[in-house]
Every structure is written in structure tokens, then in C-alpha cells.
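User: I would like to go through this structure by question and answer. Please reason briefly each time and finish on the value or name requested.

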Amino acid sequence: HNLEMKHLPGADPELVLLSHRYTELQRIPLSDMTREEINQLLQELGFYRKETPEAPVPERFQSAPA
């Protein structure tokens, strides 16, 4: 929830955190991280992972982590 992935050919993978006004807050390089480490990072940052794509998002996570 509240996460969009864009593939940019030739670019190193990084997580770009944006404010609710789309101002860049932080860039985190992901090249040296495993999938499990990235999932853990997202959880630590406050992102909510839905059980299924159609599952509802709890109210307290509607605008999280921003």
C-alpha cells in the first residue's frame, strides 16, 4: 500500500521516499539488499503489506507511512 515501483533500464535500484506533496525526502540504495532485507526495510519504514491485492487497508495505514 502506498508504494509504486518503476523500472528504469540501466539505473541502480533505489527506494525514493516522497512526502504527501511529492517532495523527495530520502533515497535509499537497494542494489546490495536481498528481497527479504527490502521487505524488512519497508516494514520498518511503516509501509503496510496487504494479504492479497484486493484486501482492504486498515484506516490507520491509509496515508502511512507519510
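User: Is Glu 14 buried, partly exposed or exposed?
Analyst: In this predicted model, Glu 14 has a relative accessible area of 38%. Buried would require under 20% and exposed over 50%. Glu 14 therefore falls in between and counts as partly exposed.

User: Which residue meets the side chain of Glu 14 in a salt bridge?
Analyst: The criterion is a side-chain nitrogen of Lys or Arg within 4 Å of a carboxyl oxygen of Asp or Glu. For Glu 14 the N to O distance in its salt bridge is 2.3 Å. The partner lies in strand 2 (residues 24-29), while Glu 14 is in strand 1 (residues 14-18), and the two are 13 residues apart. The partner is Arg 27.

User: What is the N to O distance in the salt bridge between Glu 24 and Arg 27?
Analyst: Glu 24 is partly exposed, with a relative accessible area of 42%, and Arg 27 is partly exposed at 43%. Their side chains meet in a salt bridge, with N to O at 2.8 Å.

User: Which residues do salt bridges with shared partners join into one network?
Analyst: Arg 27 meets Glu 14 in one salt bridge. Arg 27 also meets Glu 24 in a salt bridge. Because a salt bridge needs a nitrogen of Lys or Arg and a carboxyl oxygen of Asp or Glu, the two glutamates are linked here through the arginine. The network consists of Glu 14, Glu 24 and Arg 27.

User: How many salt bridges does a search of the whole structure find?
Analyst: Arg 27 takes part in salt bridges with Glu 14 and with Glu 24. Lys 6 forms a salt bridge with Glu 4, with the closest N and O atoms 3.8 Å apart, and both of these residues are exposed. The search of the whole structure gives a total of three.

User: In what sense do strand 1 and strand 2 pair?
Analyst: The pairing runs over five bridges. Among the bridge partners, Glu 14 is matched with Pro 29 of strand 2, and Leu 18 is matched with Glu 24 of strand 2. The sense of the pairing is antiparallel.

User: Which residues of strand 1 point to one face and are buried?
Analyst: Side chains alternate along strand 1. Glu 14, Val 16 and Leu 18 point to the other face and are not buried. The buried residues are Leu 15 and Leu 17.

User: Which residue in the turn of the hairpin has a positive phi?
Analyst: Strand 1 and strand 2 form a hairpin with five residues between them. The residue in question is not a glycine, although its phi is about 65°. Found in the loop between the two strands, and exposed with a relative accessible area of 66%, the residue is Tyr 22.

User: How far apart in space are Asp 12 and Pro 29, C-alpha to C-alpha?
Analyst: Asp 12 lies in the segment before strand 1 and is exposed, with a relative accessible area of 61%. In sequence, Asp 12 and Pro 29 are 17 residues apart. Their C-alpha to C-alpha distance is 7.6 Å.

User: Where is Pro 53 placed, and how far is Pro 53 from Glu 4 in space?
Analyst: Pro 53 lies in the segment after helix 1 (35-44). Pro 53 counts as exposed, because its relative accessibility is 71% and the cut-off is over 50%. Pro 53 and Glu 4 are 49 residues apart in sequence, and their C-alpha to C-alpha distance is 13 Å.

User: What pattern does the chain follow along the sequence?
Analyst: The chain has one helix and two strands. The C-alpha trace spans about 35 × 30 × 20 Å along its principal axes. Read along the sequence, the pattern is β-β-α.

User: What share of the 66 residues in the chain is buried?
Analyst: The chain exposes about 5,900 Å², of which carbon and sulfur atoms supply 51%. A residue is buried at under 20% relative accessible area. Buried residues make up 18%.

User: How far apart do the centres of the positive and negative side chains lie?
Analyst: The chain has 7 positive and 11 negative side chains. The centres of these two sets are separated by 7 Å.

Methods. Residues numbered from 1 in each chain as written. Predicted model: local features only at pLDDT ≥ 70, side-chain atom pairs only at ≥ 80, totals over all residues. Heavy atoms only, no water. Buried < 20%, exposed > 50% of the residue type's maximum accessible area, 1.4 Å probe, protein only. Helix = DSSP H or I, 4+ residues; strand = E, 2+ residues; numbered from the N terminus. Pairing = 2+ DSSP bridges. Areas by Shrake-Rupley, 256 points an atom, 1.4 Å probe, with all protein chains shown as cover. Lys, Arg positive; Asp, Glu negative; His and termini not counted. Charge placed at Lys NZ, Arg CZ, Asp CG, Glu CD.
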